[in-house]
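Reader: Please take one part of this model and go through it closely. I would like to know how the strands pair and turn.

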Amino acid sequence: MAALRGLLARPLASYYLLISSSGLLLLIGLTMVFSATSVQALATDGNPFTMFAKQALFALIGLGAFWACQRLPASTFRSIALPTLGVAVVLLVLLDALHALGRLTGNASFGPFEAELLWLIIGPIQVQPSELAKFGLVLWGADMIARKGAALGWWRELATPLFPAVGLLFVLVGYNDLGTMLCLLAIVVGLLWAAGVRKRVFAVLSLLGLVGVGLLVAAASLGAGSGEQGERNYRLARLTMFINPPPPDECGLDGCYQYLQARYAIDNGGWFGVGLGKSVLKWDWLPAAHNDFIFAILAEELGVVGCAVVLSLFAVLTYTGLRIARRVADPFRRLAATAATAWLVGQAVINIGGVVGLLPITGLPLPFISDGGSALVVTMAAVGMLASFARAEPEAARALHARPAPRWVRLVWAPLPPLPSARRRGPLPAQARREPGSETGKRRETGAGPTGGRARRGRAGTTAAERRR
C-alpha cells in the first residue's frame, strides 16, 4: 500500500492511469470484436477480417481524435462547446424528420440523406448523431455552469437555459433511443453534482425523469424507436420481462430470447471461459453479439476472470476521471471531467447491467468494447479531453515544465500545459501592519490586553470563579 500511494502521488499519475486503462480497454475491445464477428463475416463475405478491419479503421480515427483533443487547451473546448451541440441537434432533427417522412411515404431518404433507425447516412458516411450529442452536452453544460458560477443558487439561473436545452435534447434522442437518453441524464446528473446543486433539485429531476421515461415508453406504441403503430410495445415488454421474467421454455424470439441466450453464454463461460474465439453463442444464437451483448461473449470466452479484468479497468477509469476533476483548479475542467466520467461509466453500467440481468435491456453499446464507429471515435475524443485536463493538473504542469521534452516530441505528441498561476498573497492583518513601537505592539509584547490576560490565566491554572467553587 505504501508503494501504491507513492505511485499515485506522482505528478503524472492521473495521465498514465487514464492512458493505460483506456488503452487496455480498446485493445480488449478490438480483440473481442474480431472474435465475435469473424464467424459471421466469414459466412457472408468469405473474409473473417471484414468487420474487424472496419472497427480497426475507426480505432485509428479515434486515436487521431484522442491526439487532437489532448493538444487542445480548455479555452478551445469552451469555444467549440456550443457549435458541437448545435451540429448534434441539427443532425438529430434531420434524423427524426427523415423517420417521419419514412412513415408517411415509406421512403426515409431525401437527396443524399437517409435515416436507418439510429444512424444518419450522408452519402458514403454513416454517423450516429446521439453520440455527438453526448460530447456536445458535456462541453456546453460544463461551459454554461462554469459561467454562471455562484448564481446557480437561484432556481431561475439553474432552469435557464440548461433545462429547456436538455429537455429538447432528451426528446430528440429519447424518441428513437431510450438508452442514450438515460446516458444523457447521467451526464446532467454529473454536471449538477459537480456544481454542488442542492439535493431538492435532484429530487425534482428524478421525478421529471421518471415521468419522461414513462412517456417515451408509451411513445413506442406510436412508432417511437423500432416500434410499430398497432404492434406490441417493445419498451414496455422489456420492462415487464425484467420485473417478471417468464420461464425459459416460454421465451419467444420477440420476448426474452436475447436475455436468455446471454445467460446461457455467461453460464457456459464459467470461471475461466471456454477460450478466446471458441464461443458457441456467437454462431448466430445471440442477437447483437458483436455490439450490445458483446459482454456476454466476453464472459463466455474469458469467464469470470475476464469480466473481472474489464470491470477493474472501468473502475480505474472511474477513479482517474474523478481524480482529475478533484485536482484541477479550473471550474470548467472540473465539471467537464466529472460529466465525461459519468457518461462513460454510466453507459458501461447500463450495458453490463442489462446483459447480466440486473437492469432492463436498453440497447446501449459498451464503451471501448462494442462494435461501432461513431461511438468509438467520440469516446476516444472524450478520453483525449480528459488527458488534456490530466496534464493541466497543477503538479503535473509544474513537473512537465521542470524538465520539458524536446521540441519535436511536443510537436508530435502534445505541447506543454500552462503553468498554474501563483497564489496571490492577501493583505497583511491590521496588527501586523502597525509599527513595532505602537501601543498595540507594546501590549502584545508585554502580555497586556485580552490575549495577555488569557495567557496569564492559563499559566495560573484556574479562574476566580473556579477558585470560589
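Author: What follows describes the strands, with a short look at a helix pair for comparison of method. The model is predicted, and local features need pLDDT of at least 70, side-chain atom pairs count only at pLDDT 80 or more, and totals for chains, interfaces and linings use all residues. Residues are numbered from 1 along each chain as its sequence is written, and side-chain values use heavy atoms, leaving out hydrogens and water.

Strand β1 covers residues 109–110 and strand β2 residues 113–116 (strands are DSSP runs of E, at least two residues). The two run antiparallel and are joined by 2 bridges (pairing needs at least two). Phe 110 has Phe 113 of β2 as its bridge partner. Between β1 and β2 lie 2 residues, which makes a hairpin, and Gly 111 in the turn has a positive phi of about 65°.

Phe 113 also stands opposite Ile 122 in β3. Strand β3 spans residues 119–122 and pairs with β2 in the antiparallel sense over 4 bridges. β2 and β3 form a hairpin too, with 2 residues between them. In that turn, Leu 117 has a positive phi of about 55°.

Now the helices. Helix α6 (residues 129–148) packs with helix α8 (residues 162–174) at an angle of about 175°, the axes being 12 Å apart (helices are H or I runs of at least four residues; axes are fitted to C-alpha atoms over the stretch in contact, and angles run from 0 to 180 degrees between N-to-C directions). The angle therefore makes α6 roughly antiparallel to α8 (over 145 degrees). Residues making the contact (heavy atoms within 4.5 Å) include Trp 140 of α6 and Leu 169 of α8.

Notes
Angles under 35 degrees count as roughly parallel, over 145 as roughly antiparallel, 65 to 115 as roughly perpendicular and the rest as oblique.
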